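Biologist: Could you take me through one helix pair in this model, slowly and with the cut-offs spelled out? I like to know what each term stands for.

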Amino acid sequence: MTRDDILKTASELVNGDRARDYGDAKLNHQRIADGWNVIILAAIKNHGGVTPAHVALMMDWVKTSRLLETIDHEDSWVDKAAYSCLGGEFETE
């Protein structure tokens, strides 16, 4: 795959399916930033920094933010479950 192929595919995604599924990109990214700020501040306060489990929470929040726009997006529900499993496992290791 060439750089032009990558850019063309990315353009098709952000202007097509992703735009329809997740709504306005800036609004979605602001929602994600808001949630990540809460998680990061708690991680620093309670654990001295961000751990792999916190990253799992952050990735879960990405999926939550997307579901707020399109609640019936099955892939996001599956991804949320996967991140929860990983985060829980990271904390028990």
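Which hand does the crossing of H3 and H4 have, right-handed or left-handed?

Modeller: Happy to! H3 and H4 make a right-handed crossing (the near helix is turned clockwise from the far one by less than a right angle; anticlockwise would be left-handed). Before going further, please keep in mind that this is a predicted model, where local features need pLDDT of at least 70 and side-chain atom pairs count only at pLDDT 80 or more, while totals for chains, interfaces and linings use all residues. Residues are numbered from 1 along each chain as its sequence is written, and side-chain values use heavy atoms, with hydrogens and water left out.

H3 covers residues 25-47 and H4 covers residues 52-69 (helices are DSSP runs of H or I with at least four residues, numbered from the N terminus). They pack at an angle of about 155°, and their axes lie 9 Å apart (axes are lines fitted to C-alpha atoms over the stretch in contact, with angles from 0 to 180 degrees between N-to-C directions). H3 is therefore roughly antiparallel to H4 (an angle over 145 degrees).

On the H3 side, the residues that meet H4 include Asn-28, Arg-31, Ile-32, Gly-35, Trp-36 and Ile-39; among their partners in H4 are His-54, Leu-57, Met-58, Trp-61, Val-62 and Ser-65 (contact means heavy atoms within 4.5 Å). By class, this contact has 11 nonpolar, 5 polar and 3 charged residues (Ala, Val, Leu, Ile, Met, Phe, Trp, Tyr, Cys and Pro are nonpolar, Asp, Glu, Lys and Arg charged, and the others, Gly among them, polar).

Now for H3 itself. Its 23 residues should span 33 Å at 1.5 Å a residue, and the end C-alpha atoms are 31 Å apart, which agrees (the expected span is 1.5 Å times one less than the number of residues). The buried residues of H3 are Asn-28, Arg-31, Ile-32, Gly-35, Ile-39 and Ala-43 (buried is under 20% relative accessible area, exposed over 50% and partly exposed in between, with a 1.4 Å probe and protein chains only). An α-helix has 3.6 residues a turn, so residues three or four places apart point the same way. What covers the buried residues of H3 includes H4 and helix H2 (17-22).

Trp-36 in H3 counts as partly exposed because its relative accessibility is 27%. Beyond its neighbours within four places in sequence, Trp-36 is in contact with Met-58, Met-59, Trp-61 and Val-62. Asn-15, 21 residues from Trp-36 in sequence, is 25 Å away from it, C-alpha to C-alpha.

H4 has a second partner, helix H5 (74-92). H4 and H5 pack at about 165°, with axes 8 Å apart, which makes this pair roughly antiparallel as well. H4 passes H5 in a left-handed crossing, and their contact divides into 8 nonpolar, 4 polar and 6 charged residues. Asp-60 of H4 counts as buried at 15% relative accessibility. Setting aside residues up to four places away in sequence, Asp-60 touches Lys-80, Tyr-83 and Ser-84.

Finally, Thr-70 sits in the loop between H4 and H5. Thr-70 is buried, with a relative accessible area of 16%, and it touches Arg-20, Asp-21 and Tyr-22, residues up to four places away in sequence not being counted.

Notes: Helix = DSSP H or I, 4+ residues; strand = E, 2+ residues; numbered from the N terminus. Parallel < 35°, antiparallel > 145°, perpendicular 65-115°, else oblique.
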